[in-house]
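Here are some notes to read alongside the structure, set out as numbered points. Please keep the sequence and the 3D view open while you go through them.

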Amino acid sequence: MTHDEHSSHHILPIRVYVTVFVLLMVLLVLTYVAALQNFGILNNVVALTIAVVKALLVILYFMHVRFSTRLTWIYAAAGFVWFLLLFIAFGDYWTRNLNVPAPKQWEPPITLTQPKISDSDHGH
Amino acid sequence: MAIEATQGAVHEHTAAVAAQDEHGPVHHQFEDIEQQNESYIVGMWAFLVTEIMFFGALFLAYAVYRWKYPLVFIEAHKMLDIPLGLTNTFILLTSSFFVVLAVHYHKLNRRKLAATWLFLTVLCAFGFLVIKGFEYGHKFKVGHVPGPNFTFELPASASPEAKEQVTVERAQLFFGLYFAMTGLHGIHVLVGILILTPLAFMILKGHHHVVDDYIPTEMAALYWHFVDVVWIFLFPLFYLIPLH
């Protein structure tokens with residue numbers, strides 16, 4: 001990449017923004033139309049793929065990440081990588097049996113007896 | 001006398017240059033405007049990463065419960081108004097386009113145009129909140145707001161599986177997530193209005209903090225685009241849950 005492409009004063013022609021906006025509108029219609037179809041188990045995949053494409057268009061062109069420095073790329077990517085890592089938490093829900101009914105009332109596992117305080121200890 | 005006047009003028013000029021150095025576009029700690037702008041943009045992205053973490057936890061909670069009670073989410077989401085949600089998505093995507101035009105014209109130093117597009121963005125934000133207000137109002141009316149007055153009834157046509165899985169408590173869970181996530185997003189829209197409106201007025205007035213360089217507008221725009229991106233995911237996840 002040349003220095004010019006990295007320059008924060010790099011001014012994009014306005015038709016880039018118009019094109020991205022038109023694409024976003026097409027994808028918006030597609031979001032709704034796709035929701036009316038039945039792709040079976042792919043339903044969620046289709047819906048989320050369209051959402052991700054929309055988000056990428058906004059991030060890369062409207063937020064200018066595509067024309068930003070490498071350091072900006074790392075920061076922008078870090079947020080989304082972290083977001084994906086968050087879903088590792090699902091491993092817990094998948095492997096745990098959540099259908100165990102909760103006990104009606106909590107009971108202490110062991111009965112604790114109150115330690116007796118002798119008169120000699122009390123004085124100190 | 002004349003020489004003194006000239007010297008006075010020169011002195012004033014030097015003072016003006018010094019003041020320019022102190023308060024000009026490039027601050028002391030930066031080499032040049034490029035480095036300064038990159039620092040601002042990276043700083044803004046660092047903030048947006050914390051915002052992703054903020055919303056991320058809610059998205060995870062949504063995913064866990066939708067995975068656990070798929071039929072509850074399908075039945076409860078039918079109570080949301082798709083045309084209004086679609087309109088609001090259209091409004092936010094358009095506002096993102098408007099704010100990027102504001103940045104574009106600020107870069108070209110066309111201040112009036114930049115401010116105009118910012119005002120139009122704010123108008124979109126108000127439109128979004130008004131529609132959201134109508135949606136929330138309707139939910140209060142029909143008792144779909146989590147709390148002591150929460151009610152939820154399955155239509156008689158619901159499948160036996162749905163009738164078995166859907167309970168009032170679980171439906172309340174869906175609406176709890178709906179209000180938490182769209183509510184947090186709505187607060188972000190409100191904050192967007194509070195950032196973009198003064199910015200537009202400051203640009204019109206030519207306040208040096210915002211017209212020395214275009215970067216304040218770019219940073220406000222980054223925030224606004226982020227709000228848009230969150231909604232891009234919220235809309236299909238709440239309004240368009242697949243029925244199959």
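1. Two helices of chain A, α2 (residues 14–36) and α3, each give at least two residues to the lining of the largest cavity. Please keep in mind from the start that this is a predicted model, and that the remarks below are to be read in that light.

2. Which residues line the largest cavity? From chain A they are Thr31(A), Ala34(A), Ala35(A), Gln37(A), Phe39(A), Asn43(A), Val46(A) and Ala47(A), while chain B provides Leu240(B) and Pro242(B). Sorted by class, this lining holds 7 nonpolar and 3 polar residues, with no charged residues. The space inside the largest cavity comes to about 70 Å³, and the count of cavities of 30 Å³ or more is 1.

3. It may help to step back to chain A as a whole, which has 6 helices and 0 strands, so that its elements, read from the N terminus on, run α-α-α-α-α-α. The chain has 124 residues, of which 27% count as buried. Among its contacts between residues at least 6 apart in sequence, 57% join residues at least 24 apart.

4. Helix α3 of chain A, which spans residues 43–62, also packs against helix α9 of chain B, residues 215–239, at an angle of about 175° and with the two axes 9 Å apart. Angles over 145 degrees count as roughly antiparallel, and α3(A) and α9(B) are therefore roughly antiparallel to each other.

5. Which residues make the contact between α3(A) and α9(B)? On the α3(A) side they are Leu48(A), Ala51(A), Val52(A), Lys54(A), Ala55(A), Val58(A), Ile59(A) and Phe62(A), and they meet His225(B), Asp228(B), Val229(B), Ile232(B), Phe233(B), Pro236(B) and Leu237(B) of α9(B). The residues of this contact divide into 12 nonpolar, 1 polar and 2 charged.

6. The largest pocket deserves a separate look, with a volume of about 1,200 Å³. It is lined by 42 residues, and those closest to its centre are Leu48(A), Val52(A), Phe83(A), Phe87(A) and Phe233(B). Three of these names, Leu48(A), Val52(A) and Phe233(B), will be familiar from the contact of α3(A) with α9(B).

7. Which elements give two or more residues to the lining of the largest pocket? In chain A they are α3, α4 (70–86) and α5 (90–95), and in chain B they are α2 (33–68), α3 (70–77) and α9. The largest share, 10 residues, comes from α3(A). By class, the lining of this pocket has 36 nonpolar, 5 polar and 1 charged residues.

8. Two backbone angles are worth checking by eye. Most residues other than glycine have a negative phi, yet His64(A), which is not a glycine, has a positive phi near 60°. His64(A) lies in the loop between α3 and α4 of chain A. Is His64(A) buried or exposed? With a relative accessible area of 6%, His64(A) is buried, since the cut-off for buried is under 20%.

9. The other case is Asn109(B), which is not a glycine either and has a positive phi of about 65°. Asn109(B) sits in the loop between α4 (82–107) and α5 (111–142) of chain B. Its relative accessible area is 47%, and Asn109(B) is therefore partly exposed.

Note on methods
Residues are numbered from 1 along each chain as its sequence is written. Chains are lettered from A and ligands numbered from 1 in the order in which they are written. This is a predicted model: local features need pLDDT of at least 70, side-chain atom pairs count only at pLDDT 80 or more; totals for chains, interfaces and linings use all residues. Side-chain values use heavy atoms; hydrogens and water are left out. Axes are lines fitted to C-alpha atoms, for helices over the stretch in contact, and angles run from 0 to 180 degrees between N-to-C directions. Helices (H or I, at least four residues) and strands (E, at least two) are DSSP runs, numbered from the N terminus. Angles under 35 degrees count as roughly parallel, over 145 as roughly antiparallel, 65 to 115 as roughly perpendicular and the rest as oblique. Contact means heavy atoms within 4.5 Å. Ala, Val, Leu, Ile, Met, Phe, Trp, Tyr, Cys and Pro count as nonpolar, Asp, Glu, Lys and Arg as charged, and the others, Gly among them, as polar. On a 1 Å grid over the protein atoms alone, a cavity is a set of points where a 1.4 Å probe fits but cannot get out, and a pocket is an open set with protein on both sides within 12 Å along at least five of seven lines; lining residues have an atom within 4 Å of a point. Grid points are joined across faces, edges and corners, and a volume is the space filled by probe spheres set on the points. Buried means under 20% relative accessible area, exposed over 50%, partly exposed in between (1.4 Å probe, protein chains only).
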